[in-house]
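Please look over the sequence and the model shown below before reading on. The paragraphs that follow begin with the charges, move to the overall architecture and end at a single residue.

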Amino acid sequence: MPSEIKFGTDGWRAIIADQFTFANVQKAAQGLAGEMLASGTATAGAMVAWDTRFASERFAVTTAEVLAGNGIRCVLATRPAPTPAASFSVIEHKAGAGVMITASHNAASYNGFKVKSDQGGSAPPDMVARIEAEIERIESGEVVVQHVSLDEAERTGLLERFDPIPYLEHLGHMVDLEPIRQARLKIVVESMHGSGGGLFPRLLSGGNLELIELHGEPNPAFPGFIQPEPIEANLGALQTAVRENRADAGIAFDGDADRVGLVDENGRYISTLEGFSLLTHHLLERRRQLGTVVSTITMSSMVDRLGEVYGIDTPRTAVGFKYVGPKMLETNAIIGGEESGGYAFRGHVPERDGLLSGLIFLEAMVSSRKRPSELLTELLTITGPHNFRRVDVQFPEDQRSALQNLIETAEPGTLGGMDIEQLDRLDGVKYFLEGGGWGIVRMSGTEPLLRMYAEAQDVETVNRVLEDLTVTFGL
C-alpha cells in the first residue's frame with residue numbers, strides 16, 4: 001500500500017486523527033532519524049518546536065522521544081513558536097536538523113511535520129527523498145521505530161528544553177526597531193489565533209507607535225477563519241479595523257507566522273505579489289542592497305522589471321521554500337519569496353518569516369514617510385500596472401491522474417483572447433501571453449486543490465484568462 005506520509009511543498013500535512021496520528025508521526029520522526037544517522041548530521045543533534053494547533057505540543061514530544069530513542073540529542077521548545085523562530089533556533093543551537101509541528105495555513109483539522117535542514121531552511125528535495133526512503137523501510141518492516149520516554153531522555157542528557165522566543169532579539173538586528181517604535185503611526189495586526197500572537201506588541205511597544213492586535217490569543221480552532229491564511233478572503237475584520245480606527249496600515253500573519261498579508265491605509269488588500277515587489281523595491285532603492293532576487297514561477301513579473309531597472313538577476317524556482325531557500329543561499333540573494341506571502345531575507349534564515357516581513361514593511365513606511373498606497377504607486381511607476389488573482393478548486397482524488405495528465409499535455413492556442421508565446425513546465429504549466437501577462441495551473445503540494453493563477457495589466461484580462469483555464473481543465 002502507498003504510504004500515508006507524503007511530503008509536499010513544505011513538509012507532511014494531514015488531518016488530525018485520520019492520517020496525522022501519533023503512530024505516523026513516530027514513523028516520520030524515525031525517517032528523519034535514519035536520514036540524520038546516515039548523513040552524519042545526527043552528532044549535531046536536532047531541534048523540535050511546535051505551534052498553537054490541537055495537540056501540537058504532544059506531537060512534538062513524540063518526535064523528540066523517537067529522535068532521542070535513536071541516540072540523537074534534542075532541544076525541545078517550551079512554548080508555541082512561529083516557524084521562523086524554529087528555523088532560527090536550528091542555527092542558534094547548531095543542530096543537524098529541525099522539526100516544526102505545524103500545518104501553517106491549513107484548516108484547523110490539519111497538523112503537519114515540517115523538516116528543517118542544518119541551515120535553518122526547509123529541507124531540500126534530496127533530504128526529503130532520503131527521509132521518504134527511510135519511511136518506506138519502516139513501513140516494510142525493515143526498520144523498527146525506536147523511542148524512549150521524555151523523562152528517560154532528559155535523565156540521560158538526550159533532551160533539554162529551550163525558549164524559542166529570543167529569536168525576537170535577532171529581528172532587532174535585522175531591522176532598526178527604534179524609529180518604528182517612535183513613529184506616530186497606528187497599525188492593526190491580525191494574528192489569527194496563531195503562534196505569532198502577542199509578538200508584534202512585544203517587539204514594538206514602548207514608543208509612540210500604537211498597535212491594535214486582533215485575535216492574539218491562541219485558539220486551535222481558529223474561530224472566524226476557514227483557515228488561518230492571510231489572504232483577502234480572511235482579512236475582512238482587519239480591513240474593517242483599519243478603516244474604523246483610521247489606522248495607517250494593517251498586517252496579518254498566518255497560523256505559524258511565516259507568511260504575511262498587508263492592507264493599506266484605506267483598508268485595501270495589497271496582494272502578495274504587490275507586497276513582495278514593494279519590499280524588494282524598498283531593499284533596492286532605500287536600503288541600497290544590490291543582489292539577486294529569488295522567487296517562484298508564480299511571483300509577479302514586476303520582479304523581472306525591477307531586475308531590469310536595477311541590473312540584478314531574478315531567477316525563478318518551482319513553488320516551495322525547499323527550492324527558494326537553497327537558491328537564495330547559492331546566489332546570496334537579498335530576498336526570496338513565493339506567491340503565498342512567504343518572504344525571506346539575506347542575513348536571516350533562508351526561510352519565510354512573516355514577522356520580519358511586517359517589520360520591513362513598516363521600515364519602508366517610516367524611512368520613506370509614505371503611506372502604503374503611496375509606496376505602491378511608487379512601485380507601479382517603475383513596473384507599470386499589474387493585476388493578479390488566484391483561484392483554488394478542490395477535486396476528488398480519483399481525478400488527480402486525469403488532471404495531472406492535462407497539466408502535462410494541455411496546450412490551448414490562446415488564453416483570455418491573447419496568444420500563448422511560450423510554455424514552462426517547471427512546476428505545473430505556465431503560459432506566457434502576448435503583452436506580458438501569464439497564467440499558471442498546478443497542483444497544490446499540501447491539499448487536494450488545483451491552483452490557477454493569472455497576472456495581466458487589468459482585472460478584466462485576468463478574469464478572462466482564469467475563465468479560459470477553468471474551461472481548459474474541465475472545472
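**From charges to a single residue**

In this protein, the mean position of the 42 positive charges and that of the 65 negative charges lie 4 Å apart. The model from which this value is computed is a predicted one. As for the surface, about 17800 Å² of the protein is exposed, and 48% of that area is supplied by carbon and sulfur atoms.

Turning to the architecture, the protein contains 16 helices and 22 strands. Its radius of gyration is 22 Å, which is close to the 23 Å given by the globule rule for 475 residues, so the protein is as compact as a globular protein of that length. Taken along the principal axes, the box filled by the C-alpha atoms comes to roughly 60 × 60 × 40 Å. Among the 475 residues, 59% count as buried, and of the contacts with a separation of 6 or more, 69% are accounted for by residues 24 or more positions apart.

For a view at the level of one residue, consider helix H14, which covers residues 372–383 and includes Thr-383. Is Thr-383 buried or exposed? With a relative accessible area of 11%, Thr-383 is buried, because the cut-off for that class is under 20% relative accessible area. Once the neighbours within four places in sequence are left aside, the residues in contact with Thr-383 are Met-302, Arg-305 and Leu-306.

Key
Residues numbered from 1 in each chain as written. Predicted model: local features only at pLDDT ≥ 70, side-chain atom pairs only at ≥ 80, totals over all residues. Heavy atoms only, no water. Helix = DSSP H or I, 4+ residues; strand = E, 2+ residues; numbered from the N terminus. Rg over C-alpha atoms; globule rule 2.2 N^0.38 Å. Buried < 20%, exposed > 50% of the residue type's maximum accessible area, 1.4 Å probe, protein only. Contact = heavy atoms within 4.5 Å. Areas by Shrake-Rupley, 256 points an atom, 1.4 Å probe, with all protein chains shown as cover. Lys, Arg positive; Asp, Glu negative; His and termini not counted. Charge placed at Lys NZ, Arg CZ, Asp CG, Glu CD.
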